[in-house]
Amino acid sequence: MERITVKIDGRDIVTSPGRTILEVARENGIRIPTLCHLDGLSDVGACRLCIVDVRGQLVTACTTRVADKMEVLTATETVQAYRRTILELLFAEGNHICAFCVSNGGCELQDLACELGMHSVRVPYAFPRHRIDASHPRFLIDRDRCVLCGRCVRVCAEVEGARTWDFAERGSHARVITDLDVDWGDAASCTSCGKCVEVCPTGAIVRKGASNGEMRKRPEVVAGLKERRKHG
Amino acid sequence: MRRLNVLVCAGAACVSSQSQETRDALRVEVERQGLAEEVQIVETGCMGPCELGPVLVVYPDGAFYVRVKPADAAEIVSEHFLKGRPVRRLLWEDPQARRIVEQKKQIPFFEKQLKVVLSNCGAIDPENLDEYIAVGGYEALGRVLTERSPAEAVAEIEASGLRGRGGAGFPTGLKWRLVAQEKRTPKYVVCNGDEGDPGAFMDRSLLEGDPHAILEGMAIAAYAVGAEKGYIYVRAEYPLAISRLRVAIEQARRAGLLGTRILETDFSFDVELRIGAGAFVCGEETALIASIEGRRGIPRTRPPYPAARGVFDQPTLINNVETWGNIRHIALRGAAWFRTMGTATSPGTKVFALSGKVRNTGLVEVPMGTTLRELVFDIGGGIPDGKACKAVQTGGPSGGCIPEHLLDTPIDYESLKALGTIMGSGGVIVMDEDNCMVNIARYFLEFTCDESCGTCVPCRAGTRQMLEILDRIVEGRAEAADVERLRSLGETIRRTSLCGLGQAAPNPVLSTMEHFADEYRAHIEEGRCPARVCRSLLRYEIDPSTCRACDRCRQACPVEAITGQPGKGSYVVNADACIRCGRCRDVCPFGAVAVTSGREA
Amino acid sequence: MKLEDLRKIRERAAKEIALRQGDARVRLVVGMGTSGIAAGARDVLAALLDEIAKRDLSDVVVTQTGERGLASSEPVVEVHVKDDPAVVVYGDMTSEKARRVIADHVVQGNPVREFVIEVRR
């Protein structure tokens with residue numbers, strides 16, 4: 001098996017080629033923040049939070065494969081500053097009010113804010129108008145909390161195969177929809193498997209019946225499913 | 001025998017000025033005056049000076065007629081075609097020399113140009129395959145197929161130094177080599193005809209005026225890299241280009257120049273046309289490929305590059321329309337010939353779409369290395385109405401503005417980059433003292449913000465934030481800190497966006513902030529728009545010493561913001577009600593309405 | 001279609017658009033003012049065109065011009081040869097004389113002296 005050496009934050013690490021910077025970093029206890037990445041789903045490099053510095057160029061660790069003699073810096077001041085700005089942009093873009101959210105305390109966006117030291121949001125809030133879609137008998141989507149990570153779209157296509165979720169429109173008008181932009185309850189392709197609920201990092205797609213801070217998810221089921229399918 | 005060839009321009013601009021009705025009128029007159037055997041009327045692609053359309057050229061005289069109307073047909077036919085007396089009132093007149101120019105090649109607009117890629121546009125009928133062949137069309141393909149190996153074909157393009165004309169300027173030969181080296185088949189060649197920059201119409205004109213050149217270029221490439229299938233992706237907003245391409249593809253297939261066993265060799269290649277659906281982002285190569293595949297047109301991270309994994313995950317060679325337009329010339333005349341034009345790092349010519357505050361707007365082709373000043377003044381004819389040139393914008397929404405004092409820069413990829421802009425696809429917008437650079441930056445940012453695909457956070461949310469800051473600036477609600485906010489956000493977006501759209505979106509803002517900082521300062525600190533464009537910062541006032549109380553302004557005002565009595569004293573504009581539309585200024589016969597900007601001292 | 005066939009098409013088609021190339025070896029200018037036409041310039045023009053077509057001369061173009069002022073000698077035909085500053089002006093032309101000018105002057109390079117009324121430099 002071919003072995004290559006990559007340097008991450010000054011540390012020489014021996015690994016095999018074809019793996020992503022993120023995989024190699026995690027294996028070696030180096031923390032790189034992510035949001036749209038989820039073990040078991042394809043990587044798109046959309047949120048840009050996992051950017052790392054490779055010889056002055058900023059690339060997403062989740063999509064970039066390691067190469068021999070690659071030098072990676074995961075937490076330069078510039079990178080950290082950019083990550084914070086990106087996070088602030090996310091908060092300002094939606095209506096992320098933790099105090100009223102079922103995912104309070106169990107939200108990846110909230111965790112990132114704490115991890116990156118986001119004390120305040122230095123860009124004006126957009127206060128967009130979104131409608132809650134609670135038409136499905138068991139689940140609901142609150143787009144105020146959606147960060148457009150696309151995990152729901154990917155899990156529904158790649159793991160469940162129903163392809164119920166997709167993106168519609170573009171730019172700041174982009175949103176996730178079910179089938180041809182019908183209410184979730186009317187989306188004939190939906191199998192109600194609930195995988196989108198488990199993978200959604202925030203309180204956007206949730207199970208009904210949870211109250212403030214009661215929503216807890218198990219996104220790791222996807223990686224588990226992927227593993228089991230590989231072997232059996 | 002035909003003794004006169006009358007070429008009528010049928011580029012989109014002239015068509016919309018009714019050049020086809022003019023052509024029809026000419027045909028009727030020629031018939032009526034018994035000259036049908038002697039006079040041939042041909043429709044061609046864009047000749048270039050779109051401002052002056054409909055244009056037509058009469059050969060062998062070379063007489064260049066401008067702004068021809070159907071009603072002029074009878075006179076042109078009887079005076080010029082029959083009696084040999086060109087109709088002087090319709091010939092192009094040099095505004096500076098105040099003389100009528102008899103021949104097309106004497107017109108300054110054409111004198112300094114070097115038409116290579118555009119050599120057939122305006123010279124042949126794009127829907128006539130024989131004419132394309134007559135000027136040497138498909139000879140390059142024939143020679144490559146019968147006399148050269150694929151490797152030699154790649155080497156020729158590499159040696160030429162041709163760089164991608166879509167904007168990035170990536171070495172074309174290198175891209176060909178990378179695809180040629182890929183082992184997996186099938187491979188594809190793709191033409192990027194999504195030309196989305198506002199103000200750019202180079203690719204459109206080439207597709208409309210010389211579609212076979214693109215087909216020939218792609219066929220040569222397919223042979224060189226080992227592909228048998230090609231896609232031509234054209235934006236839906238170019239219906240004329242699409243129909244001309246369809247005709248050309250059909251003609252080429254019927255003539256055995258496309259399809260199986262081209263020119264009876266073992267080489268087969270065919271193309272499919274794909275139409276865009278209104279997304280600027282689909283000009284980005286990975287988004288374009290997604291669109292061809294029937295998926296949502298959004299970009300993806302690279303690597304892998306399309307050369308390795310492109311259409312349907314196969315090795316793909318994707319080039320811009322103008323790049324394709326260069327291929328047959330290089331294949332025919334050689335890399336050494338190509339290098340005699342242009343500069344060492346940017347050989348060849350470049351097609352530019354000149355627009356804005358310049359006399360001769362339209363399509364031009366010049367060797368790389370021509371200075372911006374020559375482009376704007378010698379070819380463009382300078383700024384009309386005695387105004388001073390303020391800046392030249394290149395590269396569309398991904399580019400920047402070059403201030404007047406830097407116009408002696410020779411045009412090539414590196415020099416433009418050093419000025420903080422990019423070559424881009426070739427759109428050049430000229431600005432004068434009446435343009436507000438902040439407003440211009442806002443215009444481009446609004447465009448990119450609207451066209452953002454929405455996948456990545458910095459572009460989707462960041463450009464929106466930048467736009468809101470610019471809104472504050474042009475509306476006089478900004479604070480001093482906003483300049484730094486813009487710069488900082490701009491840097492973040494530029495360095496962290498997923499694709500070129502986001503990475504380049506802050507350019508117009510950052511570029512104008514650097515070269516025209518005083519305009520930003522005036523807007524923010526003084527609430528003043530120096531060019532008097534930003535409406536919220538304008539005040540319309542009537543000068544009491546000039547006002548004659550004629551009542552015209554009060555009548556013209558759509559919101560009844562002007563008060564006064566006819567014949568009595570001076571009229572007054574109510575600043576709170578005034579919407580700054582400018583109608584009062586337009587109708588005042590005495591020039592009594594002044595527009596000022598800036599907070600009251 | 002083979003490459004040779006393509007080249008044959010080119011040869012044929014190139015003649016059709018030769019007028020646009022601009023740089024002919026010989027340019028014949030026929031005076032087509034009112035007096036010229038009245039004197040029969042159109043027949044002279046037709047004869048010139050016909051003779052050129054018959055002889056398949058691809059380097060000769062025919063243009064017209066208005067009044068030249070030589071009303072008494074109409075129809076007038078000027079012969080301009082590339083790189084030769086002298087312009088030979090023929091007067092009182094007829095269809096037969098026009099064909100002779102093509103044969104002797106244009107093709108062979110020998111001006112037909114008895115028809116010449118002026119040589120301009």
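## Close-up views of a three-chain model

About 2,900 Å² of area is buried between chain B and chain C, and carbon and sulfur atoms give 57% of that area. Keep in mind as you look through these views that the model is predicted.

**View 1. Chain B meets chain C.** Of the 2 pairs of chains that touch, chains B and C have the most contacts. Chain B brings 39 residues to this contact and chain C brings 28. Which residue of chain B forms a salt bridge with C:Arg7? The partner is B:Glu139, and the closest N and O atoms of the two residues are 2.6 Å apart. In total, 5 salt bridges are counted between chain B and chain C. You can also look for polar contacts here: 8 residue pairs make them, with both residues at pLDDT 80 or more.

**View 2. The side of chain B that touches chain C.** Several elements of chain B each supply at least two residues here: strand E1 (4-9), strand E2 (39-44), helix H3 (73-82), helix H5 (129-134) and helix H6 (139-147). H6(B) gives the most, with 5 residues. Sorted by class, this side of chain B has 18 nonpolar, 9 polar and 12 charged residues.

**View 3. An open sheet in chain B.** Here 4 strands of chain B line up in the order E2-E1-E3-E4, with mixed pairing, to form an open sheet. At the edges are E2 and strand E4 (63-65) of chain B, each of which pairs on one side only. On average, neighbouring strands of this sheet are turned by 20 degrees against each other, direction ignored. For a closer look at one pair, follow E1(B) and E2(B), which run parallel and are joined by 6 bridges. B:Leu4 has B:Val39 in E2(B) as its bridge partner. In a regular strand, side chains alternate between the two faces of the sheet. Helix H3(B) lies across E1, E2, strand E3 (56-59) and E4 of chain B, and runs at about 170 degrees to E4(B).

**View 4. A hairpin in chain B.** Strand E17 (residues 562-565) and strand E18 (residues 568-573) of chain B run antiparallel and are joined by 3 bridges. Which residue in E18(B) is the bridge partner of B:Thr563? That partner is B:Val572. The two strands, E17(B) and E18(B), form a hairpin with 2 residues between them. When you reach the turn, stop at B:Gly567, which has a positive phi of about 80 degrees.

**View 5. Chain B meets chain A.** In this contact, 26 residues of chain B are in contact with 30 residues of chain A. The area buried between chain B and chain A is about 2,300 Å², with carbon and sulfur atoms giving 53% of that area. Three arginines are worth finding: B:Arg296, B:Arg460 and B:Arg495 supply 27% of the area that chain B buries against chain A, more than any other three residues. Chain A and chain C, for their part, are joined by no contact, and their closest C-alpha atoms lie 48 Å apart.

**View 6. Polar and charged pairs between chain B and chain A.** The count of salt bridges between chain B and chain A is 2. B:Arg460 forms a salt bridge with A:Glu93, and their closest N and O atoms are 2.6 Å apart. Across this interface, 12 residue pairs are in polar contact, both residues being at pLDDT 80 or more. On the side of chain B that touches chain A, helix H17 (437-451), helix H18 (457-474) and helix H19 (481-496) of chain B each supply at least two residues. H18(B) gives the most to this side, with 8 residues. By class, the residues on this side of chain B are 8 nonpolar, 10 polar and 8 charged.

**View 7. The open sheet of chain A.** This open sheet has 5 strands of chain A in the order E2-E1-E5-E3-E4, and the pairing is mixed. Strand E2 (11-15) and strand E4 (57-60) of chain A are the edge strands, each pairing on one side only. From one strand to the next, the twist averages 35 degrees. Strand E3 (residues 51-54) and strand E5 (residues 71-73) of chain A pair in the antiparallel sense over 2 bridges. A:Asp53 stands opposite A:Leu73 in E5(A). Helix H2 (residues 77-93) of chain A lies across E3 and E4 of chain A, and runs at about 155 degrees to E3(A).

Note on methods: Residues numbered from 1 in each chain as written. Chains lettered and ligands numbered in written order. Predicted model: local features only at pLDDT ≥ 70, side-chain atom pairs only at ≥ 80, totals over all residues. Heavy atoms only, no water. Pairing = 2+ DSSP bridges. Axes fitted to C-alpha atoms, helices over the stretch in contact; angles between N-to-C directions. Contact = heavy atoms within 4.5 Å. Buried area = accessible area lost by both parts, 1.4 Å probe. Salt bridge = Lys/Arg side-chain N within 4 Å of Asp/Glu carboxyl O. Polar contact = N/O pair within 3.5 Å; in protein donor to acceptor, adjacent residues only side chain to side chain. Nonpolar A, V, L, I, M, F, W, Y, C, P; charged D, E, K, R; others polar.
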